[in-house]
Amino acid sequence: MNVYDSARMADVLAPLGYGPADHAEEADMVILNTCHIREKAAEKVFSELGRLRKIKTARAEAGQRMILAVAGCVAQAEGEEILRRAPFVDIVLGPQTYHRLPEMVAQAARAGGAVLDTEFPAEPKFDFLPEPLAQGSSAFLSVQEGCDKFCTFCVVPYTRGAEYSRPATAILAEAAKLAQGGVREITLLGQNVNGWHGDEGWGLGRLIRALAEVPGVERLRYTTSHPRDMDDELIRAHAELPQLMPFLHLPVQSGSDRILAAMNRGHDRDTYLRLVDRLKSVCPDLALSSDFIVGFPGESDADFEASMDLIRQVGFVQTYSFKYSPRPGTPAAAMDQQVPEPVKDERLAQVQALLMEQTTRFNHSCVGREMRVLLDRPGRHAGQLLGRSPYMQPVHVKAAAHLIGTVVNLRITKVHPNSLEAIPA
Ligand code: SF4
């Protein structure tokens, strides 16, 4: 989501003459686009601001201005605090107001004082953004933002606000524009992407069906989805649309019903497993990835074992696992029975070892298989191109450079530590 947001900020600033710089030292403006999900996010922002302050001062001494902005979820959550602790920051803006960046830049340049804009404005920012500039053969497309689910560990409902779905017409127009610019693969984005809903009762499955008909769009993905919002239409889309890639990120967070309830996830283990069965029955080559939090308050050895068991049972081919760490203001931060750090470390190591084993096994099972691979850049060696398999694995192959930006049939021949090797099929 932040990659998409950063690209859109670049789009709104381009008419003002701003373009990307390689180093902060050369930049007339630096925007830190922040994420509040990871541990100690705010402290990392302050430490980075300390580094940028020195550059800003050095530029000022050389008679060059540098506008310093903090954007994203840390800005949303800690706006006042940022201005108090780092008064050299010129602009603080939340994720819902980056379409107003040009005004803020003008204001900061004029007044010389700090500008704070962390509102949740009534007008959706998407209505005010310029058309995206397509770059490369894969692109993100934001269709939904915000979350009303209030998992007890998560800050998103507080920093990104209530769920908002962009209208289907705007999404289809953006997809057409991207495809005309050479994009072949679109990943639909949203904090609760499958909670997307449009006019006339459209859900994400219906939207994907319409997107699959946009000329030039060959591959579609969506992330991040919630088990509660996987409806029949979306499951049918996996069965019927070859453009929808057979790789689904479906976060579960824990395999223990007790912990899932304490997390307020709104689903239990059995519901999740039944959902996976339904998906795999209509799309047998579907592979799944997930998110796990280990060491959530009150997680016993038995709860943790239930997570390990779920990972084996579903056979996730990839997973993002994290140690629980409290986020100020969330209910879980105030829960008793916080799990000691060494226990969390041990559990994280176990989860990651299991997942590494499953990912490796899956990669080896791909050898000999024919796959459609989107070639999107030159490889490290001469005459080599790099692409992505339907399962997001990096694949390299000896092929002519003019094939960049096309989807080709390849046969997987070898597994490397971080990629697959292939030959034309
Ligand atoms: S559904 Fe996802 S974004 Fe929403 S509160 Fe839960 S973890 Fe956070």
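The second largest pocket of this predicted model is lined by 17 residues. Those lying nearest its centre are Pro-242, Met-245, Pro-246, Arg-372 and Pro-390. The space in this pocket amounts to about 310 Å³. By way of background, empty space of this kind is revealed by rolling a probe the size of a water molecule over the atoms. What does the lining of the second largest pocket consist of, in terms of nonpolar, polar and charged residues? The division is 9 nonpolar, 2 polar and 6 charged. Strand E13, residues 370-378, gives the most to this lining, with 3 residues.

I turn next to the ligand. Which residues surround the ligand? Three of the names are cysteines, namely Cys-147, Cys-151 and Cys-154. Phe-150, Phe-153, Val-156 and Pro-157 also belong to the surroundings of the ligand, as do Lys-149, Asn-192, His-226 and Arg-265. This shell divides into 7 nonpolar, 2 polar and 2 charged residues.

Finally, I come to the sheet. Here 3 strands form an open sheet with parallel pairing, in the order E5-E8-E9. At the edges are strand E5, residues 138-142, and strand E9, residues 219-223, each of which pairs on one side only. On average, and with direction ignored, neighbouring strands of this sheet are turned by 25° against each other. Strand E5 and strand E8, residues 185-189, run parallel and are joined by 5 bridges. Phe-140 stands opposite Thr-187 in E8. Across E8 and E9 lies helix H7, residues 204-211, which runs at about 155° to E9.

Terms used
Residues are numbered from 1 along each chain as its sequence is written. This is a predicted model: local features need pLDDT of at least 70, side-chain atom pairs count only at pLDDT 80 or more; totals for chains, interfaces and linings use all residues. Side-chain values use heavy atoms; hydrogens and water are left out. A residue is near a molecule or strand if one of its heavy atoms lies within 4 Å of it. Ala, Val, Leu, Ile, Met, Phe, Trp, Tyr, Cys and Pro count as nonpolar, Asp, Glu, Lys and Arg as charged, and the others, Gly among them, as polar. Two strands pair if DSSP finds at least two bridges between them. Helices (H or I, at least four residues) and strands (E, at least two) are DSSP runs, numbered from the N terminus. Axes are lines fitted to C-alpha atoms, for helices over the stretch in contact, and angles run from 0 to 180 degrees between N-to-C directions. Contact means heavy atoms within 4.5 Å. On a 1 Å grid over the protein atoms alone, a cavity is a set of points where a 1.4 Å probe fits but cannot get out, and a pocket is an open set with protein on both sides within 12 Å along at least five of seven lines; lining residues have an atom within 4 Å of a point. Grid points are joined across faces, edges and corners, and a volume is the space filled by probe spheres set on the points.
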